[in-house]
Amino acid sequence: MEKKDNILREAGTLERIYNANHYSGFYPCFCLSALYKLQDGLELSSSEWEQLMVSAVSSFVLNHGALCSGVVGEDGQHPTFVRLESLDLDQLIEFSTVDTNENLESALLQTLDGLHSKKWTRLHEMPGWKVILLGHAGHTNQVFVILAAHHAFMDGQGGMVFHRELLRALNSEKKINFFKNAPVQESLVKVPPSVKLPPPVEDLMEIPTTWGFHAHNLWGAIRPAWLRNPFAENPWTGNPVTQDCISNYQSRTRLSRIEQSDLQRLLTRCKENHITPTSLFQAIAVAVLAKLVPPHSFFGHSPYSLRKWTGSDPVKDIVNQTGDSGCLYQKTWISAFKNSSGNKSDETALLWKIAKFHREQLTKELAQVPVNNGLATLGRYTDRHAANAKCIGQVRPLTFEVSNLGRIDLEQTGEAPNQSTENTPSPQKHMRVSRMTFTQSAMVNCAPLTLSIVSMSDGLAVSTSWQPEALDETIAERFCEGISDWLAYLGSES
């Protein structure tokens, strides 16, 4: 039994869902990866890289309850977060060696597939995060830093806070002096009783509901089959969920990147057409998938941050606070793409039309938040394990997901400029970060295809995740190729 003094709080609605999804084997983790490169002509061995990262992480880890907590009761209806007595950073930060002849980006993809396919263990005594340093054997001046995180403890924005604080610590003079005859950093960090977790989302924002909202949900649940529209067609959602999806869980990932100049042209085109990149990627997913599957309607999904309504700081707080939005694309649009010539210049007008439609739908939905938010319904179902068990043999509810973290500035602090330091030269940057990548485990009971997007000043990366059981592998591979083709076309100078 857990010590009473170590109990932080019971998991909230969103956290219960992600705890149950993890325990059920539906979704292990998300990862945020970036290439960290030393700028001082230094090259470090694997053990030196580990010591440097231990030193950096130890400087901020106690500032965030999510990094200092585990969870008990994940197998039940009331999972509870607990304060860990200590963190052994040597166990949480490890170097994975890549052969000098192997491409680092290829090794990254292989490592991510492994991380996304493996559940967490010992969560009662270990936190729901870890860091993998991926670098070549011998001394090297650069490594991929992979943050893997259990989604109940943080969302993608929370993961960005981790990278932001890590970079700040690495660029401090104190950490750089580590190289110069400094003693080895103690890896065991004691967690004080003062460490707390922020309240769950439902305690930070009111979620008012209307009678129409409840009536709509009730009618959807009890409406007899003979009253359903006989001409309505269910969206294409890949293969039904099977026991093999859980028993043989495996998540596969592909990456596509565009460089800064191509990204800038893509963003310019978005601005000219009055749409956001999230809406553009929704449209691209429709355009590509329409040519790969029989004509059906599609149902796309995109999460969005609730920090605007909870008051949490997107730059400073490591939390999990996300909402969900959906958009139905009619069969006529899918058929139009399927029957097109294949010339992208001819298809672009339809692409922008679909993107604008998505933006309009998302704008309407966000204008209502927090009224009639889905959390109001989800909060009633406390037995998430029973809900997960019922999905076996059922069709999936979604066609694809587009999760976009947006453009990230890791040097952003969230603080107002200090007038006394406005004219002070910026300190030398000892470490630079590039090639940020956002990836997710494939979700057993949701969309067969998940697109995860993030960009920095050097370019944009989009990852696609899926399970082999969820759809034909050929469709998945061709979908990834189609995403890359559209990115190349929209980022080109033509």
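This section describes the overall architecture, the salt bridges and the internal spaces of a predicted protein model.

The protein comprises 494 residues, of which 51% are buried. Its secondary structure consists of 17 helices and 16 strands. Among contacts with a sequence separation of 6 or more, 83% are formed by residues 24 or more positions apart. The accessible surface amounts to about 22400 Å², and carbon and sulfur atoms contribute 50% of this area.

Side chains of opposite charge can pair when their charged atoms come close. A search of the whole structure identified eleven salt bridges. One of these joins D155 to R307, with the closest N and O atoms 2.9 Å apart. D155 is located in the loop between β8 (142-149) and α5 (156-170), whereas R307 belongs to helix α12 (residues 307-310), so the pair ties together parts that are 152 residues apart in sequence. Both D155 and R307 are buried.

A salt bridge is also formed by the side chains of D262 and R265, at an N to O distance of 2.7 Å. D262 and R265 both lie in helix α10 (residues 260-272); because they are three residues apart there, about one helical turn separates them. D262 has a relative accessibility of 24% and therefore counts as partly exposed. R265, at 25% relative accessibility, likewise counts as partly exposed.

The side chains of K291 and E347 form a further salt bridge, with an N to O distance of 3.0 Å. This pair links distant parts of the chain, 56 residues apart: K291 is in the loop between α11 (277-290) and β11 (298-305), and E347 is in helix α14 (residues 344-368). With regard to burial, K291 has a relative accessibility of 32% and is classed as partly exposed, while E347, at 3%, is classed as buried. In addition, E105, R257, E259 and R435 are joined into one network by salt bridges that share partners.

Empty space within the model was examined next. Rolling a probe the size of a water molecule over the atoms shows where such space is left. Four cavities of 30 Å³ or more were found. The largest cavity has a volume of about 150 Å³. Its lining is formed by 19 residues, of which R9, E15, P198, V319 and N320 are the closest to the centre. Two elements, α1 (13-23) and α7 (201-204), each give two or more residues to the lining of the largest cavity. The largest share, three residues, comes from α1. By class, the lining of the largest cavity contains twelve nonpolar, four polar and three charged residues.

Among the pockets, the second largest has a volume of about 360 Å³. This pocket is lined by 18 residues, and those closest to its centre are K118, K119, W120, T121 and K130. At least two lining residues of the second largest pocket are supplied by each of α3 (89-92), α4 (104-116) and β7 (129-136). Strand β7 provides the largest share of this lining, with three residues. The composition of the lining of the second largest pocket is ten nonpolar, three polar and five charged residues.

Note on methods:
Residues are numbered from 1 along each chain as its sequence is written. This is a predicted model: local features need pLDDT of at least 70, side-chain atom pairs count only at pLDDT 80 or more; totals for chains, interfaces and linings use all residues. Side-chain values use heavy atoms; hydrogens and water are left out. On a 1 Å grid over the protein atoms alone, a cavity is a set of points where a 1.4 Å probe fits but cannot get out, and a pocket is an open set with protein on both sides within 12 Å along at least five of seven lines; lining residues have an atom within 4 Å of a point. Grid points are joined across faces, edges and corners, and a volume is the space filled by probe spheres set on the points. Helices (H or I, at least four residues) and strands (E, at least two) are DSSP runs, numbered from the N terminus. Ala, Val, Leu, Ile, Met, Phe, Trp, Tyr, Cys and Pro count as nonpolar, Asp, Glu, Lys and Arg as charged, and the others, Gly among them, as polar. A salt bridge is a side-chain nitrogen of Lys or Arg within 4 Å of a carboxyl oxygen of Asp or Glu. Buried means under 20% relative accessible area, exposed over 50%, partly exposed in between (1.4 Å probe, protein chains only). Contact means heavy atoms within 4.5 Å. Accessible areas come from the Shrake-Rupley method with a 1.4 Å probe; for residues, only the protein chains shown count as cover.
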